[in-house]
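Subject: Structure handover and findings

Hello,

Here is the structure I promised to pass on. Please open it first, then read the notes below alongside it.

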Amino acid sequence: LYMFPGRDKIGPMTPRQLNRICHMAAELAGLPSWIAPHTLRHSFATAVYAATGDLHAVGQLLLHSSPTLTARYALAAVPDRLRDAVARAAVPQNPTR
């Protein structure tokens, strides 16, 4: 069994077939033409890190052999995480005086 079966249903889909489907879906959705299957991998990894903050788990999910490979997802998620931290810290003070 394959996650993406090919046209013959016996073997896997070729990288070219998967890229073509991804590009067609991106075009239909009005997304940029540079969207590719690997873009989805990056989006998934960034979303997991942004939700959990667990860089080690992201590396395991992506089967990375080195933490250096996974570090880019921390950098991609920093702006959202900082914005959330500032929002949590900026609790309005209740003047009692």
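Leaving aside neighbours within four places in sequence, which residues is Val58 in contact with? There are five names to find in the viewer: Ala45, Val48, Tyr49, Thr70 and Tyr73. Keep in mind throughout that this is a predicted model.

**Overall layout**

The chain has 97 residues. Its secondary structure comes to 4 helices and 0 strands. Along the sequence the pattern reads α-α-α-α. Of the residues, 19% count as buried. The exposed surface of the chain is about 7900 Å². Carbon and sulfur atoms supply 64% of that surface. I also looked at contacts with a separation of 6 or more. Residues 24 or more positions apart account for 22% of them.

**Val58 and its surroundings**

Start with Val58. This residue sits in helix α3, which runs over residues 55–61. Is Val58 buried or exposed? Its relative accessible area is 1%, so Val58 is buried. The contacts with Ala45, Val48 and Tyr49 reach back along the sequence to α2 (37–52). Those with Thr70 and Tyr73 reach forward to α4 (67–89).

Two spacings are worth checking in the viewer. Thr70 and Val58 are 12 residues apart in sequence, and their C-alpha atoms are 7.1 Å apart. For Val58 and Ala71, the separation is 13 residues in sequence and 9.6 Å from C-alpha to C-alpha.

**Thr70**

Thr70 lies in helix α4. Its relative accessible area is 3%, so Thr70 is buried as well. Beyond its neighbours within four places in sequence, Thr70 is in contact with Leu55, Val58, Gly59 and His64. Leu55, Val58 and Gly59 fall within the residue range of α3.

**The largest nonpolar core**

Which residues make up the largest nonpolar core? There are 7 residues in all: Ala45, Val48, Tyr49, Val58, Leu62, Tyr73 and Ala74. The elements giving two or more residues to this core are α2 and α4. The largest share, 3 residues, comes from α2.

Tyr73 is a good member to centre on. Not counting residues up to four places away in sequence, Tyr73 touches His42, Ala45, Thr46, Tyr49, Val58, Leu62 and His64. Core members are among these partners, including Ala45, Tyr49, Val58 and Leu62.

**Leu63**

Please look at the backbone of Leu63. Its phi is positive, about 60 degrees, although Leu63 is not a glycine. Where is Leu63 found? Leu63 is in the loop between α3 and α4. With a relative accessible area of 77%, Leu63 is exposed. Leu62, the core member, comes just before this residue in the numbering.

**The α1 end: Gln17 and Cys22**

Now turn to helix α1, residues 15–29. Gln17 is located in this helix. At 17% relative accessibility Gln17 counts as buried, because the cut-off is under 20%. Outside the four places on either side in sequence, Gln17 touches Gly6 and Arg7.

Cys22 is also placed in α1. Its relative accessible area is 11%, so Cys22 is buried. What does Cys22 touch, not counting residues up to four places away in sequence? The partners are Ile35, Ala36, Pro37 and Leu40. Cys22 and Ile35 are 13 residues apart along the chain, with 7.2 Å between their C-alpha atoms.

**The largest pocket**

Cys22 leads to the last item. The largest pocket holds about 160 Å³ of space. Which residues line the largest pocket? The lining is Met3, Phe4, Leu18, Cys22, Pro37 and Leu40. Pro37 and Leu40 thus appear both in this lining and among the contacts of Cys22. Helices α1 and α2 each supply at least two lining residues. By class, the lining has 6 nonpolar, no polar and no charged residues.

**Where to look**

For a quick pass, view Val58 with its contacts, Thr70 and Tyr73 among them. Next, check the positive phi of Leu63. Finish at the largest pocket, with Cys22 as one of its lining residues.

Best regards

Technical notes:
Residues numbered from 1 in each chain as written. Predicted model: local features only at pLDDT ≥ 70, side-chain atom pairs only at ≥ 80, totals over all residues. Heavy atoms only, no water. Buried < 20%, exposed > 50% of the residue type's maximum accessible area, 1.4 Å probe, protein only. Contact = heavy atoms within 4.5 Å. Areas by Shrake-Rupley, 256 points an atom, 1.4 Å probe, with all protein chains shown as cover. 1 Å grid on protein atoms, 1.4 Å probe; cavity = no way out; pocket = protein on both sides within 12 Å on 5 of 7 lines; lining within 4 Å. Points joined across faces, edges and corners; volume = space filled by probe spheres on them. Nonpolar A, V, L, I, M, F, W, Y, C, P; charged D, E, K, R; others polar. Core = buried A, V, L, I, M, F, W, Y, C linked by side-chain atoms within 4.5 Å.
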